[in-house]
Amino acid sequence: MAIYKYVGRNRKGQLKKGTLEAINKNQAIAKLREDGISPRDISEAKGIFYKEITIGNPVKHQHFVIYCRQFATLIRAGVSIVDSTKILADQTEDKYLKKVLKAIVDELRTGIPFSDAANKHHKIFPPIFVNMVRAGEASGSLDETLERLASYFEKQYDLKKKVQSTLAYPITLLVIIIAVVSFLMLSIVPTFTGMFEQFGSELPAITQFVVNVSDGLKNYWWLILFIITTIVSVFSFLMKTNKQFHYSVHVALLKMPIFGVLLQKSAIARMTRTLSSLVSSSVQILQALTIVEKVVDNPVIGRVVLDSRDSLEKGERLSAPLEKSWVIPPLVTQMVAIGEETGSLDYMLAKVADFYEAEVDRTVDTLKSLIEPLMIVLLAGVVGTVVLSIMVPMFSIFSEVQ
């Protein structure tokens, strides 16, 4: 969508100036005429104040999932694509999605296929959606394709939330531990340090260590904050600009104890589910692999997918590069090989996806049952160390007073 400035006259001959949103100049002219304004001059507004700034995907995942399911239901019920899109534009709660769907309705009325109209809005409709819809339009099975898409995005959403919830729990507890320790070090420990100095007795090793840490935090907190901010900024910059660094970080994450297995299983489930959906929708296999490389959101597995595409282009087997990769389990390689030989690649990939999605569920449940007691023990250990460092010299002081 772009912003257009216009000058024109209404039906009474009065001069009108203003701006409006439209996909292109022709649509802007059509909108003005519908409002009874005869445009004399119209041009696209330039400048930062007329640009729509969005960060990431402006539509929430759950809203897009709901949209896909409702769209599939309407098409299955025999409602036309134009009417279905108009109905969903009127009832959706997401403002950005509402605006985009209204724009697509205008484009559909000009005779443009839905896939081409959706392809103009990359932030909303991912490549897998556009290509599967295009294949469904060509084969006349758009309703089945939309049902498949709705199920796909629902599974991806559930998978993403399970992984996020597992990772969020230890991170939250870690933040709590840091906050508690910072409070003790900056508020409680300095109070007792002054009292210990008055008695002039030699402090135990554990107490001296805690006092040194407290003094360091109190006197050099600004330096610590600066170092942490610098490290985070440099890390973020390298992740965005240096492909090799980005790749190495993901290798380290996949090899990380405990959580690496969860990330690997969820990425493989996403890869196989996406490729299965694309193949079953009759999307050309080379194009499907290109889409999967982008959707999988993991450069390590993405590189393996691209190697498989190159293997196919050379007339070799799809499963050959999978066998050589350390990140792809033998089960995936064997199922893909069987699917190639029997012509049931989409079915085999779907079964692999089902297996690894179930594995993610089991891994999430196991990790949650293990992480909670471990983090509680860690919190108790850290706080207990600080309390013990205060109590040990206190007992010595009480003995001397008595």
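A residue is termed exposed when its relative accessible area is over 50%, buried when that area is under 20%, and partly exposed in between. These terms are applied below to individual residues of a predicted model. By this criterion S282, with a relative accessible area of 59%, is exposed because its value is over 50%.

The overall form of the protein is considered before its individual residues. The protein contains 15 helices and 3 strands. Its radius of gyration is 30 Å, whereas a compact globule of 402 residues would have a value near 21 Å. Along the principal axes, the C-alpha atoms occupy a box of roughly 100 × 70 × 40 Å. Buried residues make up 39% of the 402 residues in the protein. The accessible surface amounts to about 22,500 Å², and carbon and sulfur atoms contribute 60% of this area. When contacts between residues at least 6 apart in sequence are examined, 60% of them are found to join residues at least 24 apart. With respect to charge, the protein carries 45 positive and 39 negative side chains. The centres of these two sets are separated by 10 Å.

Two buried residues were examined within their helices. S84 is located in helix α3, which comprises residues 81–91. The relative accessibility of S84 is 0%, and this residue is therefore counted as buried, the limit being 20%. A polar atom of the S84 side chain is found 2.8 Å from the backbone oxygen of S80. When neighbours within four places in sequence are set aside, the residues in contact with S84 are F71, L74, I75 and V79. E357 belongs to helix α15, spanning residues 345–401. Because its relative accessible area of 12% is under 20%, E357 is likewise classed as buried. Apart from neighbours within four places in sequence, E357 makes contact with K155, A269 and R273.

Attention then turns to two loop residues with positive phi angles. S282, introduced above as exposed, is placed in the loop that lies between α10 (259–280) and α11 (285–295). The phi angle of S282 is near 70°, a positive value in a residue that is not glycine. D297 is found in the loop between α11 and α12, the latter helix covering residues 299–313. D297 is also not a glycine, yet its phi is positive, at about 60°. The relative accessible area of D297 is 61%, so this residue is exposed.

Two leucines fall into the intermediate class. L312 is part of helix α12. With a relative accessible area of 25%, L312 is partly exposed, because this value lies between 20% and 50%. Leaving out neighbours within four places in sequence, L312 is in contact with I285, L286, L289, R317 and L318. L312 and L278 stand 34 residues apart along the chain, and their C-alpha atoms are separated by 16 Å. The second leucine, L217, lies in helix α8, which runs over residues 205–241. L217 has a relative accessibility of 24% and is therefore counted as partly exposed. Its contacts, other than those with neighbours within four places in sequence, are with M185, L186 and I224. From C-alpha to C-alpha, L217 and L146 are 57 Å apart in space, while 71 residues separate them in sequence.

A proline in a helix completes the set. P330 lies in helix α14, consisting of residues 330–342. The relative accessible area of P330 is 58%, and P330 is therefore exposed. P330 and L167 are 163 residues apart along the chain, with a distance of 27 Å between their C-alpha atoms.

Terms used: Residues numbered from 1 in each chain as written. Predicted model: local features only at pLDDT ≥ 70, side-chain atom pairs only at ≥ 80, totals over all residues. Heavy atoms only, no water. Helix = DSSP H or I, 4+ residues; strand = E, 2+ residues; numbered from the N terminus. Rg over C-alpha atoms; globule rule 2.2 N^0.38 Å. Buried < 20%, exposed > 50% of the residue type's maximum accessible area, 1.4 Å probe, protein only. Contact = heavy atoms within 4.5 Å. Areas by Shrake-Rupley, 256 points an atom, 1.4 Å probe, with all protein chains shown as cover. Lys, Arg positive; Asp, Glu negative; His and termini not counted. Charge placed at Lys NZ, Arg CZ, Asp CG, Glu CD. Polar contact = N/O pair within 3.5 Å; in protein donor to acceptor, adjacent residues only side chain to side chain.
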